Amino acid sequence: MKSSEIILGSSREFDQRRRQLLLGMAAASLPFGLGACSDKAEDSSQLLQVGGLPVTCNLTLPVACVAKAAAGDAGSKVGFQYSKYSGWPEIKESLMTGRIQAAYMLAPLVMDLTTKKIPLRIVSLGHRSGAVIMVHTESGYQNFKDLKGKRIAIPSRFAVDFLFLRKMLAQEGMTHSDIEIVEMPPPDMPAALYAKAVDAYCTGEPFGAAAQKAGYARPLRMTRDEWRNYICCVLTVREELIQSQPEVVQDLVNHVMGAGVWLDEGPANREKAVAIAAGRQFFNQDPNIIRFVMENPTDRVTYGDMRMIKDEFNELMELSMAAGTLTKAVPFENYVDETFVRNAKPVAIHV
């Protein structure tokens, strides 16, 4: 597999388009301490920082944060504070070093870290579906055979988006060696496609919707059509938090699962979620782009089914081993703690 960084500085059109998109989507990280879940000042020792990316696969997190702040001390006296990151390497490093105790992470990446004795456990899902493979509207690409020899961007070799791409290639008798793979931060992907620096990209939302809504990209494939039980981002916590404050972990899971049920109840709740996530303390993105994800179609990303099914994780593990991102099988029990989902009492969301 070819893996290289794409150099785009020579393209003035790309830079201009990228600046426009980033102004709207604000993908850069906020400093720690920002993104608190309420406007009032709070003792930082009473806030659990939970890392996340500004992607709709993480949408349950801002909703859970706001709902917890609105509920006050209900469930646990510890509130939740959203800490925004721009990429998986940064969030991985913060979780590994203990700078944060909880985060939404890539499931295969958690599997890999546990083989390196990093004390982490997945305690809940965050979503289902939500990935897309985008091509330029002007292209004639209708299937993956048309992409042979073309350049396709992925967020990371550990991203489930990459596994989705591999599954789609396999359906047409192709492998990753038939295309050129480029690792790229998702916020850069829409502008790269606009400048035709890549021929396609595979990522989570809203970075597919951003280009689609702007009119220059269309989905070639969507997980909602091809891989209905797709999971990517999972709520992950350090083991010391489980040991020292299990009630806080349970409260967080209760709020995340409650947020998932609430999001799938109907468009009115999703509209509220758009307003929450678009705010400066969370995704800091154009609400019209997040709304586009929520509506086109309405099951582009789903949140209500948070079951952690062993066979589904094993499928991810096997796909990751085939992709070379995992070198050996990882037992489900080594990286998942089902206790909190089993004991979950999803909270009623009032925001």
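## A buried loop threonine and its surroundings

T56 is buried, with a relative accessible area of 0%. This threonine sits in the loop that runs from strand 2 (47–52) to helix 2 (60–71). The model is predicted. Setting aside neighbours within four places in sequence, T56 has contacts with E205, P206, F283, I290, V293, M294, V301 and Y303. Several of these partners, or the elements around them, come up again below.

**The chain as a whole**

The chain has 351 residues, and 57% of them count as buried. It holds 15 helices and 13 strands. Of the contacts with a separation of 6 or more, 82% are between residues 24 or more positions apart. The average pLDDT of the chain is 88, and 86% of the residues score at least 70. Residues 1–42 have a pLDDT below 50; in the model this stretch makes 85 contacts beyond near neighbours in sequence.

**Around E205 and P206**

E205 and P206 are both contacts of T56. The peptide bond between these two is cis, with omega near 15 degrees. P206 belongs to the loop between strand 10 (200–204) and helix 7. Helix 7 covers residues 207–214, and its buried residues include F207, G208, A209, A210 and A211. G215 follows this helix, with a positive phi near 95 degrees.

A second cis bond joins N296 to P297, with omega about -10 degrees. P297 lies in the loop between helix 12 and strand 13 (301–302). V301, one of the contacts of T56, falls in the range of strand 13 (301–302).

**Backbone angles**

The table gathers the cis bonds and the positive phi values.

| Site | Angle | Value |
|---|---|---|
| E205 to P206 | omega | near 15 degrees |
| N296 to P297 | omega | about -10 degrees |
| G215 | phi | near 95 degrees |
| S129 | phi | about 60 degrees |
| K196 | phi | near 60 degrees |

S129 is not a glycine, yet its phi is positive. K196 is also a residue other than glycine with a positive phi. Are S129 and K196 buried or exposed? S129 is buried, at 3% relative accessible area. K196 is exposed, at 52% relative accessibility. S129 is in strand 6 (residues 128–129). K196 is in the loop between helix 6 (189–194) and strand 10.

**Cysteines**

Why is C57 in no disulfide? The closest cysteine sulfur, in C233, is 4.8 Å from that of C57, which is too far for a bond. A disulfide needs the two sulfurs within 2.5 Å. The count for the model is 0 disulfides. C202 is in no disulfide either; its nearest cysteine sulfur, in C232, is 9.6 Å away. Both residues are buried: C57 has a relative accessible area of 3%, and C202 has 0%.

**The cavity**

How many cavities of 30 Å³ or more does the model contain? The count is 1. The volume of the largest cavity is about 100 Å³. It is lined by 14 residues, and V55, W88, D161, T203 and G204 are the closest to its centre. By type, the lining has 11 nonpolar, 2 polar and 1 charged residues. T203 and G204 lie within the range of strand 10 (200–204), and D161 falls within helix 5 (residues 160–171).

**Links far apart in sequence**

Helix 5 also holds R166. Beyond its neighbours within four places in sequence, R166 is in contact with H176, A322 and A323. R166 and A322 are 156 residues apart in sequence, but their C-alpha atoms are 9.7 Å apart.

G279 sits in the loop between helix 11 (267–278) and helix 12 (287–295). With a relative accessible area of 17%, G279 is buried; the cut-off is under 20%. G279 and P62 are separated by 217 residues in sequence and by 9.6 Å in space, C-alpha to C-alpha. P62 is in the range of helix 2 (60–71).

H255 is part of helix 10 (residues 246–263). At 3% relative accessibility, H255 is buried. Which residues does H255 contact, leaving aside neighbours within four places in sequence? They are A64, A67, K68, F80, V347 and I349. A64, A67 and K68 fall in the range of helix 2 (60–71), the helix on one side of the T56 loop.

Methods:
Residues numbered from 1 in each chain as written. Predicted model: local features only at pLDDT ≥ 70, side-chain atom pairs only at ≥ 80, totals over all residues. Heavy atoms only, no water. Buried < 20%, exposed > 50% of the residue type's maximum accessible area, 1.4 Å probe, protein only. pLDDT = per-residue confidence, 0-100. Contact = heavy atoms within 4.5 Å. 1 Å grid on protein atoms, 1.4 Å probe; cavity = no way out; pocket = protein on both sides within 12 Å on 5 of 7 lines; lining within 4 Å. Points joined across faces, edges and corners; volume = space filled by probe spheres on them. Nonpolar A, V, L, I, M, F, W, Y, C, P; charged D, E, K, R; others polar. Helix = DSSP H or I, 4+ residues; strand = E, 2+ residues; numbered from the N terminus.
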